[in-house]
Structures are given as C-alpha cells and as structure tokens.
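The following exercises are meant to be worked through with the sequence and the 3D view open side by side. Try each task before reading the solution beneath it.

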Amino acid sequence: MDDFRLRSERRPSEGGIPARRAVTHWAWRLFRREWRQQLLILALITVAVAATILGSSVAVNNPPPKDAGFGTAPYSASFASYSAKAQTFIAKAAHLGTVQVIENVTYSIPGSINTYQLRSQDARGPFGGPMLSLINGHYPSSADEVAVTNGVASAFHLSIGKTWKVGGVNRDVVGIVQNPQSLLDAFALVVPGQVTNPSQVTALFDVPASAIRSLSEGVQISTPASVAASNPLNPETISLAALVLGMLLIALVSIGGFTVLAQRRMRSIGMLESIGATDRHVRLVVSANGTVVGIVGAILGLIIGFAGWLAYRPSFEQSAHHLIGVFALPWIVVMLAIVLAVLAAYFASSRPARAVTKIPIVHALSGRPAPPRQIHRSAVPGVVFLVAAFLLLGYSGGTGGGNGSGGAPELLLGLVLLTPGLILLAPFFLSLTERVSRRAPIAARLALRDLARYRARSGSALSAISIGVLISVIVVLAAASRFSNVLDYAGPNLDSNQLALHTAFPPHGVNIVHRNAKGQLVPVPNQKTETATPAQLAAGAGQIAKGLNAHLVALESPNAFLSGTQGGRNWSGQIYVATPQLLRAFGIKASEINPKADVLTSRPGLSGVSGLAMGYGTNSKKSVLRGGPAGSDRHPLIQEISALPSGTSAPNTVITEYAMKRFHISMSTSDWLVVGTQSFTAAQISSAQLTASTAQLQVESRNDIPSGSTIINWATLFGILIALGVLAMSVGLVRSETSSDLRTLAATGASSYTRRTLTAVTAGALGFLGALLGVVGGYIAMIGWLRSNSLNGGISALKDVPFGDLMLILFGMPALAAIVGWLLASREPAVMGRQPIE
Amino acid sequence: MSMLELRSVSKRYGQGANEVDAISDIDLAVERGSLVAIMGPSGSGKSTLLTIAGSLEEPTTGEVVIDGARVSGMSRNDKARLRRRSVGYVFQDFNLLAGLTAVENVSLPLELDGVSMKKARAQGMVALEGLGLADRAESFPDQLSGGERQRVAIARAVVGERSLLLADEPSGALDSVNGEAVMRMILSACHGGVAAVVVTHDAKLASWADRVVFLRDGRAVDETLPPPSPEELLNPDAPNPA
C-alpha cells in the first residue's frame, strides 16, 4: 500500500502532459487511418467554412466600403448648398485642421431615370484620393477641362478629346475617371470652383478630436464608424448569424457521426482503459479526434474559400460596382468561422466522449454495442423554451405601436430560443415512433423502434432537420402573410416582356437633346426643355413600341381612387381605366365582365375585402380633381380577372367604363404599357431609354423584387434541401448503429426488401418528424409575432395557408427521402459490413 | 504479503428471474513470483474472475486486494492508476491499439502515467528487446504475426514496475509453438518477481503453473499442484516451486 502511494506521489495522478500527448498522438493517428470514415463531417465543416468565407466576403464587399464618401478623412459633413452655415463651418474647420471641399450638382441623364453629377474636386486634395482614380488621360487642370466616368461617357457618347457643354460651359474631355469605392458613381469631374450652384457640398476634414464638439453645433458630423453603426444588420452581422446557425446544424449532425465513430472504436477504448487510461484520457481520445476534424476541416475550408474568392473577385468587382482588394475579407468572420468550426466539432464530439466513458470496460472490450440508454426525457423543458419564444416574439411584434419596429432584441432572442426548444422536443417526438410502430410490418417496426431506442443519434439528426425546416417555414409563412395583403400589394413591378412609360418632368436647366447623324445624343444649342403635349408624348410612346416591335397600351388614369385598410395596411397602387383597348390587349372579352362591376382586378382576394371604398372627383388626399362631382362608393362591385397583369406598376386594378359613366369619372393618359411577345433584352431597354429621352418619357423595366410565390418556393426548396442533406448524412449513421441487427436479419433470411424498407422508413420517419417539428415551430413563431402586430394584420394574416408548400415539406420531402433511401439501400453499405477498427 | 488477494468474491449479473451467479465466494491469493493457472469449462467464470482481479469489473460481494491496496474503495481514476502501475493484462486477441507502433503500444501505459515520451520509449524498447522484438518496434500491429502481437502484448503488460500479470487465454489465438513461447515468457516474468494469473483451457500449458485452480459453475472446485512439467522431468533436481 505504501509502495503504491509513494509511486502515486511521484507522477501526476492522471499522467499530466505526457499522457495527454500520448492520447492526442493516438487520436491523430486514428484520424489519419480513418479519415474516410469521418469524411462526411470533414466535408460538412470544410464546405461550411469555405461557404462562409466566400459568402461573407461577397456580402461584406457587395455594398460600398464603409469609408466610401470619406476618402482618407476621419470626419465628413454635408450641406444642401453653399449656405452661410456651410461656409462658416468650412472656414472654422480649415482654421482647426485640414479640409477638402467637394461640390456636386445633380443632373438627369436624358431618357433615363438615372442621374449624374457635375463634381468639383481637387484630384490631389488631402483626403479625396481613394474616391478618385484615373483610367485614361489626365485630370482636369483648368475650367475648360472635364474628366468623366465611363457611365457618363457612354450616356453622352463622349471620349477624350471631344468637347462637351456641361454646367453651362464648353469643356474638353481630358480624362476617364472612376470612383474606386463606387463604380456606379456617374460624374463629370471639374476643377474646384466650377460648380456654381451646388446641390450638395461635402466637407472632408480632420481636426483634433477636442475640436469636434465646437464644430458640431448645428451640423451633423459623420465618421465611417457612425455610418457603419447606423445599420445594425450589416452584412457581417448577417454572415455571423448564418455562420452560427450553420455551425449549429453541423454540430447537431456531427454528434451522430462522432457517436458512431466512438462506438466503432469501443474496443480500442476498452483496451486503453484496460491498460490504465482514466475517463479523462478516454474523453480526450474522442474529443481530440473531434478537434482534429474541426481543425483539418477549417484549414481546408479556409484554403478552398480563399481560392474561390480569388477566382470570383474579378467578376464580382464588376457586379459590386467598386474595386475590392485581394485581402478585403471580413477577417473577423473568417477567424470566427475557423474557431466555430473547431468548437462545433469539439462540442459535437464531447457528448459521445462523455457517453463512452460510461460504458463498462468489459463491455467495451467485447466490442458489442452497449444497450441503448433509455431516455425518459420530458417534453416540458422544450415546451418552456417554445412558450418563452412565443411570448418574446409577441412582445417584439407589439412594439412600436403594433408595427414591431422597436423589438429587434426580443425578436432575435425569441428566434434563438426556438432552437433549444426544438432540440429538447426532438427526443419526445422520437418516442412517438415506438408507439406508432406497434402495428407496423416487421421492417418498419424495427426501423421505427430503432429510431426511438437510439435517440442519441437520431435525436441530433431530427433537431437539425427541424431547424432547417423551421427557417424555411418562417420565411414561407412571413412571405405568404405579407404578399397575401391585396391592398398593400407587393411583388415585381412588371413582367419581363413589359415596359412602363411614364411622363418625365424635364429637369431644370437642361438643354434639349437630340440625336445627331451618328446617333449620338447632343444638346440643342440655346434650347431649353419644354413640356411636351399629350400628342407628342403619345407619339414618343408609339415610337418606342414600334422600335421594340411591341404592342402599346395607353393607360388612362381616372380621377378616382380606392381606399381601405386590411391587416393594418392601406391600399397602395395606381388604378387605371378598363378601356376597350386595355381589355383587348390582355385578351379579356366584354362577355367576361360583369356588367355591374365597378372595378376589375388581378389581385387575388380583393373582391372579398370589406370596407374598400372608391372615391372619385378627388384624390386620396381629398384634393378636388378635374372631372365630375366628388363622391364615394363604399361598396364598389369588384370582379377578379386573372387575365389582367399582376405587376405592381402594371394595370392590375382598373375601373370599368360602367363605373366611369355611373360616377361621371373623367380620365387622362399619363402612362403607357409596352407589351412585347418575349422578354426585352438590356439592349432593347437601353434603346427604349434613348428614344424616351427625346420624348420626355421615362422607361420603367422589370425590377429585381421577387414575387411572393418566388420567395415561398425558394424557401420551401431551401427547407427541403437542408432536410434531405441532413438525412443523407445521418440515416447511414443511424442505421450503422444497428448493423449487427442487419447482419442477423440477413442471416435469418431477410431479403433486400427488408433492408430497403428499414432504410426507407428510417429516412421517411426522420424526415416527417423533422418537418412536423419545424412546421409547428414555424407556426408558433409566426403566431407569436403576428398576434400583437397590427401592421401586418395580426394572426388573421396567416389565414392564407401556403398549403401546397407545406404539403411538400411535410409529406413530399419525407416521401422523397424514403424513396431515395429505398433505392440506395439496395446494397449493404460498406460501413455496415466493416468490423469495428481496433 | 500476496500480490493479489480475492476474498469471498462473487459476481452476479442480471436482475430478478434473469439473475446469474458468474462466480461465487472465490478466495484466491497469488504471491509475487508465482504463476497460477485458472481452468474450467466455458461459462465457469474464469474470465469474470480475471476481469475482477484486474479491476476491470466490480465484484458484487467480496474484496479484491492488489499489492496491499483494496480495490473496492478506489475511485475510477485510482483504479486506472493501479492498472497503469501494478497490473498488466494480456488478452487472447492481443488488444493492441491499431494506430500505434509496437513500441508505442508498449510504452503507452508509461506515457499515460506521466513518464516522458523519451523515457517511456526507452523502457518500451528494453521490454521489446527482452522478448526478441527490437527489430519490429516500429511495425504497426497489422504488420505483425499473431505470435509477435502477443509478445508485444506481454511486453506492454510487464513494462515498467508492474508486478501483477493477468492473462486471459494468452495462447488461445496462437499455434502450439507460439503458445508455449508465450507461456515461457510469462514464466520468465514470474521468475523476475511478477505474480501471474493465467486463464487457459489447455492442460498442457496449465502444467507450467505453480498452482492450478479449477472452476465450475462459478465456484472453485479444486486447487492442485500441477504434475511435473517437461522441464522438471528433464531436470529432476530442479526445486518444485510449490
């Protein structure tokens, strides 16, 4: 006894560093030998880190740099004109430190809704360097010189050496310039003092910090940091949120992987224990393996992500419209991605590591899987989390007087609490499978019972599926509720084969332009813009339609309006008159129209909205309009006609001629719709803009706003793909747990049908339970948030159930998983056939 | 003082109607330098006796004393430390760690006990040299023959200052030549002061032991001195260790 004690005192009780080194060394060797068995987890982590690096780099670099508009200056102040206040400020700042003044005046680019700026800026000024770079030629050095951006050069067909009258002065184009921080910044650069009546004066300055207070009296001083902080949901924040969520999903999936791995190494672990390894050593074997997987995955992800960034950066600069440095990565996000990848793998392995130490050594040495631990986990903790999330989301939705504007922290916390709620409920849901299985055929019964018995594996997979589906369902429900509001209509403005032409108000002080013999737009000397007559406008619109070989529909605006409120939102959108020409353009026959209908609409559900009134003779602000006497019809008869276009800028709601006569409503042509037989190309749109510029018209083409169905379908697809991905990664792990059962079944004569059924039922049941849990969580979140959110219509906003998408998630995805499981289970997977590695 | 003492040790598995007595009321004492063989039919409790003696399993009743230390009062970590320092285990199927070379397998218990890698490796090499495996020190287990693997396992069981060697059918997976070689090594360890308990089916190998304990249905039914071994027969002057 004494001898034993003496020897104990000589060395650390658990072997200290040499022991940890030896165990870690063995874990590393095992990883090198068995990396193929961990390929799934390794691939997951690698892809997640690579995607995070590439995605966050794109997200962070897509908007202009946060110091855009500051150059190298630490402070900036802007003024609407060169007022006395601006002059005083600039003088004081110049006295205290260094100032660079940039003056702008904005002009419209004829025929386009875009503008350009005439900018006076010292190209060699103390701060403006990063905002200016020379592509070709040289910077202007005198009043009769100008340098332009590529955009301006293209719009006005300019090149170096040409003369261009801008700002009332004929100037020689001496250079092509750009703003590296904003390639979309369209401007004409002149020397300081050449912008006589600026619409924006920006002072970039650097003064001692102590002087800022005296300068800031009555003036808003900005810093790059204050501009960045004004948007809490900046791309880095979103990237981090996505990263945390992604790593959580990976950790959940990896738990199953490491559990199976630990089981496969059970004999080795038993051997280690038999020669004196402590629980800590055993835990270290498994968790060190997890850490190694995390580190290797993170390094591979970093390499792949950075390589992807290098490959994508050149084309990304063009789409982001500003120059981006090679190393302009969000390094905090990158570092966090690496750290989180390692932590996720470590924590995913630490649970199986703890579990493996509880297996008796003799049991471990025998290599037989330990009997599954019975989990009598209550659903109560999960329900508590869900209730807390429900209450927090409700509080968030009710802030800001019912528009949810002031409850961002509660919203975030509520959404975060949903995750542990679902994770804690997963084992309870799995226990239901055992009850369902009692009357099922043998293969299905075995599969369902195994799901319930081996919840350590299946529980984490179920949690991961349910969280993926939860995100998807929240997006689906939020989009469905928002886009179902027919009064405040949201979605794309036009179809891709449509262009809207609006009357353009000529900008002040701009010369009339015309095409010269070379097709270039040039100003007509000494001729100012005048308002075009309706006939001239119609002729211009006709010319555009003819040029596009498209059909032109004149859109008549009535002196009437619709008003009403539904779900906290008011009517929005332009209404037009259902002229015979318009109806004919969309193939609507007179016989299809109810002769007593006042309004025709393509907005689904508008006819059922109560309280929608039609006013006439005034506009919605009660200003008297031209036409007949003012009045209102509180119960206009609305007929839904799906043939009318659905775009928000298209005539989706029109007043019938019957109502026009009945209420003596007058009308006038203000807009046109050009309808082509196929989508318009960018060149066609550009050509239309050029033509419109000479006819005082503006062209509106299809915007990038997605439709509700697009968002819902993509969200559904996202949820299904996440669920299927998790199933693909976890079903094999869950089934490998019972590989010995499978061998026994095969030995007793079970056919491949049994094997297929086992896998199919496992995949289908896991998929269905995950979908069910996710849908329940999604509805809890949305009901919680909407119940006190009057702006979005309260709970009634959920009345339009996206039935098809939910059915796809609830039944389509599990069915697909079962079918794929059935097909892939035709041969016994190698992982099942292989003996545990010793 | 005995190196190993089992006092009225019993082990019961299962509960209620499934209750089975694996071993009942076993008393056994093994002195330093002696070799005890355990024999008996399958299911007689031989391996259970060995796992309890090696602190891999807890007895249901009774007491196990190793090197004067009562095992039943020890924590899991203390038991692990006891195994690292005092008990060497040899299994029928070798139980070498696949990811480690022969010398790393041998030196592992020392490293787990806090001995520096360099010193542990040096001792591991000494143990391997003693068993004629110095040239295979850098081989992985799957590159070794069955006999070599078992020799590595014995080297691992005796490396350091360990004084109790427990072997469960150490020659079960070997041919007769290798089996005898293994027994010779265990006996050699005993001559060095190690107390050894060997579970075997093979009466011929059991004849190498100083004492043979017969188990049947979990009870020690007989305990006998073995008949003279071939070596003793060849050398009648050799003293009988019993």
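## Chain A as a whole

In chain A, 82% of the contacts with a separation of 6 or more are between residues 24 or more positions apart. The model used throughout these exercises is a predicted one.

**Exercise 1.** Determine how many helices and strands chain A has, and what share of its residues counts as buried.

*Solution.* Begin with the secondary structure, where chain A shows 25 helices and 25 strands. Then turn to burial: chain A has 838 residues, and 47% of them count as buried.

## A sheet and its helix

**Exercise 2.** Find the order of the strands in the open sheet of chain A that contains β14, and say which strands form its edges.

*Solution.* First, trace the sheet from one side to the other, which gives the order β14-β24-β11-β25 in chain A, with antiparallel pairing. Next, look for strands that pair on one side only; these are β14 (551–558) and β25 (697–700) of chain A, the edge strands. Finally, compare directions while ignoring their sense, and neighbouring strands of this sheet prove to be turned by 30° against each other on average.

For a closer view of one pairing, follow β14(A) along strand β24 (residues 667–675) of chain A, where the two are joined in the antiparallel sense by eight bridges. Leu555(A) has Asp671(A) in β24(A) as its bridge partner.

**Exercise 3.** Identify which strands of this sheet are touched by helix α20 of chain A, and check the length of the helix.

*Solution.* Step one is to locate helix α20 (residues 682–693) of chain A, which packs on the sheet and touches β11 (498–503) and β25 of chain A. The direction of α20(A) makes about 160° with that of β25(A). Step two is the length: because a helix is expected to span 1.5 Å a residue, the 12 residues of α20(A) should cover 16 Å, and this agrees with the 16 Å between its end C-alpha atoms. Step three concerns burial, and here Ala688(A), Gln689(A), Leu690(A), Thr691(A), Ala692(A) and Ser693(A) are found to be buried in α20(A).

**Exercise 4.** Explain why Thr503(A) is classed as partly exposed, and list the residues it touches.

*Solution.* Thr503(A) belongs to strand β11 of chain A. Counting around this residue gives 18 other C-beta atoms within 10 Å, and because a buried residue needs 20 or more while an exposed one has 12 or fewer, Thr503(A) is partly exposed. Leaving aside residues up to four places away in sequence, Thr503(A) touches Leu537(A), Ser670(A), Gln696(A) and Leu697(A). A further distance links this strand residue with the helix, since the C-alpha atoms of Thr503(A) and Ala692(A) are 9.4 Å apart although 189 residues separate them along the chain.

## The contact between the chains

**Exercise 5.** Describe what each chain gives to the contact, and state the confidence values that belong with the description.

*Solution.* Start with the totals: 30 residues of chain B and 34 residues of chain A take part. On the side of chain B that touches chain A, the elements giving two or more residues are α2 (76–85) and α3 (102–112) of chain B, and α2(B) gives the most, with seven residues. By kind, the residues on this side of chain B are 12 nonpolar, eight polar and 10 charged. As for confidence, the mean pLDDT of chain B is 83, with 93% of its residues at 70 or more, while the complex receives an ipTM of 0.76 and a pTM of 0.62 from the predictor.

How values were computed: Residues are numbered from 1 along each chain as its sequence is written. Chains are lettered from A and ligands numbered from 1 in the order in which they are written. This is a predicted model: local features need pLDDT of at least 70, side-chain atom pairs count only at pLDDT 80 or more; totals for chains, interfaces and linings use all residues. Two residues are in contact if their C-beta atoms, placed from the backbone, lie within 7 Å. Helices (H or I, at least four residues) and strands (E, at least two) are DSSP runs, numbered from the N terminus. Ala, Val, Leu, Ile, Met, Phe, Trp, Tyr, Cys and Pro count as nonpolar, Asp, Glu, Lys and Arg as charged, and the others, Gly among them, as polar. pLDDT is the predictor's confidence in each residue, from 0 to 100. Two strands pair if DSSP finds at least two bridges between them. Axes are lines fitted to C-alpha atoms, for helices over the stretch in contact, and angles run from 0 to 180 degrees between N-to-C directions. The expected span of a helix is 1.5 Å times one less than its number of residues.
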